[in-house]
Amino acid sequence: MIDAAPQSESTGYTEEIVRKDKNHFVHPWQLFDLFKEDGALPIERGEGCRVWDTDGNEYFDAVGGLWCNNIGLGNQEMAQVIGEQAAKMSFCSTFVDMTNAPAAELAAKLAELAPGDLNHVMYTCGGSTANDAAFRLMQFYNNARGKPDKKHIISRVHSYHGSTYVAMSIGGKPGDRSPLFDYIDDTIHHLTAPNYYREALDGESEAAFADRLVTEFEDKIVELGGADKVMAYFAEPVMGAGGVIVAPEGYNRRMWEVCQKYDILYVSDEVVTAFGRLGHWFASVDEFDVQPDIIVCAKGITSGYQPLGAAIFSSRIFDVIAEDGTGRCFTQGYTYSGHPVACAAALKNIEILEREKMFDNVKEVGPYLMEQLQTLTDLPIVGQVRGKQFMVCVEFVKDKETKALFDEDLDIGKRVANEADKRGLIVRPIVHLNIMSPPLTMTRDDVDFIVATLRDSIEAALTQLETEGHGPAN
Ligand code: PLP
């Protein structure tokens, strides 16, 4: 641990940053009223799993930035490669017929790591744009193969796929769907989330629940006009921002089989799950036995050191869109597609993940994390602890018996997260959830710290609620 010199008292530095930020930076998901009062916490420095704010306070960042800090912060090898690439060639257009070595090397590496015939890469600036690019690719593909009516998209309630117009329309998180934004709602449809804890009927077994969801999918396809009308199914292997929802055994595979039956493209949104969070380069095949047509990734591809996303797609799609002699031009891409500095960072990141055997650590420490977090279920407001490997979540309830939630205004997730902040732990509050996605370097000792700190924080939040007359039902 390194001491950071507190700066605010002597220089007013923190206040100045907070003031400029409040006045000029419109943050993603900004809660305008609250933000005008509180502003944001300025973070200044990071090393491994830890960050320090501008006042020198230290935190264990159990969120891993935003599901993205896979190898850990402040890696000097990464800094060096990024600096060297920026000095050598900081930018090069990749439009039409120019390229750069890091972009070419990374595309070949991704094709090698991705399952099956996913041999072709479109680069983007992040996960939202990668889903957007996948969407446009599939339109091009279906139009090129003479199926212009095959345009419907099916995804799931509580899924998150990003915040471009298309990505937000494909996503299905009710809390994200501000009525003041517009959405594509004529060709995009949402199925029940595979959340057994919340969505199962009384007395329904997990297997029967999965059967019902697969039937719901097939019924929806038939209702929309079947193979002639439905273009794609978008799914995160484990739903992330929607509440770390791990589907029942066999569900992902069976949904894929339905896609095969109706010639529907399977888009696996691995923005969170790829590059080790579940202990594999990609989770689709290795964890769920699903061979997607397109894998969308971002975040862990550079461990957040540079903004980069990718849609990796099959030779089957490529061979249709790039058919010889058609004279077609693929008018899709961005100024920063294949950015040399971002691609150089990704190549080094992949090298480090492999060399440091970080997936082995995930497979070793992941089950311990889950086992230890489960001990929190003795607390009266912990309804469920769920997740897989380094993707976990605690769900708070007012009543364990009925699973009734606290009133949203009580902001239980945020209350616990605030208490955790005070104790040097960052967790991600989403309404009644606390989500964690730590760096892949997290140790067993770190797990012990997280679990002990969360217990104290939950107890403190509970005391507050009881004092205010909002205690749990039992
Ligand atoms: N897809 C998933 C599954 C995500 O979790 C996210 C972001 O959290 C995105 C897409 C969007 O990625 P980005 O914020 O890089 O655009």
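**Figure 1. Lys-299 sits in the loop between strand E9 and strand E10 (309–314).** This is a predicted model. Lys-299 is not a glycine, yet its phi is positive, at about 35 degrees. The residue counts as partly exposed, because its relative accessibility is 23% and the partly exposed class runs between 20% and 50%.

**Figure 2. Strand E9, which precedes the loop of Lys-299, is covered on both faces.** E9 spans residues 294–297. Ile-294 and Val-296 lie on one side and are buried. Ile-295 and Cys-297 lie on the other side, and they are buried as well. Strand E8 (residues 265–269) pairs with E9. The pairing is parallel and counts three bridges. Within this pair, Asp-269 has Val-296 of E9 as its bridge partner. Val-296 thus appears twice in this view: as a buried residue and as a bridge partner.

**Figure 3. Four strands make an open sheet in the order E1-E2-E3-E13.** The pairing in this sheet is mixed. Strand E1 (43–47) and strand E13 (425–426) stand at the edges. Each of these two has a single partner strand, so one side of each is left without a neighbour in the sheet. Strand E3 covers residues 58–61. E3 and E13 run parallel and are joined by two bridges. Asp-61 has Ile-426 of E13 as its bridge partner.

**Figure 4. Pro-438 lies in the loop between strand E15 (433–436) and helix H17 (444–467).** Its relative accessible area is 1%, so Pro-438 is buried. Asp-61, seen in the previous view as the bridge partner of Ile-426, is in contact with Pro-438. Ala-62, Gly-64, Arg-277 and Phe-390 also touch Pro-438, with neighbours within four places in sequence left aside. Phe-390 is 48 residues away along the chain. Even so, the C-alpha atoms of Pro-438 and Phe-390 are separated by 6.3 Å.

**Figure 5. Val-431 occupies the loop between strand E14 (428–430) and E15.** Strand E15 also borders the loop of Pro-438. Val-431 has a positive phi, near 50 degrees, in a residue other than glycine. Its relative accessibility is 35%, so Val-431 counts as partly exposed.

**Figure 6. Ala-210 belongs to helix H10 (residues 206–224).** Ala-210 is buried, with a relative accessible area of 2%. Pro-248 and Arg-254 touch Ala-210, not counting residues up to four places away in sequence. Asn-195 stands 15 residues from Ala-210 along the chain. The C-alpha atoms of these two are separated by 9.7 Å.

**Figure 7. The close-ups belong to a protein chain with 17 helices and 15 strands.** The radius of gyration is 23 Å, close to the 23 Å that the globule rule gives for 474 residues, so the chain is as compact as a globular protein of that length. Along its principal axes, the C-alpha trace spans about 70 × 60 × 45 Å. Of the 474 residues, 53% count as buried. Among contacts with a separation of 6 or more, 70% are between residues 24 or more positions apart. The accessible surface is about 20,800 Å². Carbon and sulfur atoms hold 51% of that surface. The chain carries 43 positive and 72 negative charges. The mean positions of the two sets are 3 Å apart.

Key:
Residues numbered from 1 in each chain as written. Predicted model: local features only at pLDDT ≥ 70, side-chain atom pairs only at ≥ 80, totals over all residues. Heavy atoms only, no water. Rg over C-alpha atoms; globule rule 2.2 N^0.38 Å. Buried < 20%, exposed > 50% of the residue type's maximum accessible area, 1.4 Å probe, protein only. Contact = heavy atoms within 4.5 Å. Areas by Shrake-Rupley, 256 points an atom, 1.4 Å probe, with all protein chains shown as cover. Lys, Arg positive; Asp, Glu negative; His and termini not counted. Charge placed at Lys NZ, Arg CZ, Asp CG, Glu CD. Pairing = 2+ DSSP bridges.
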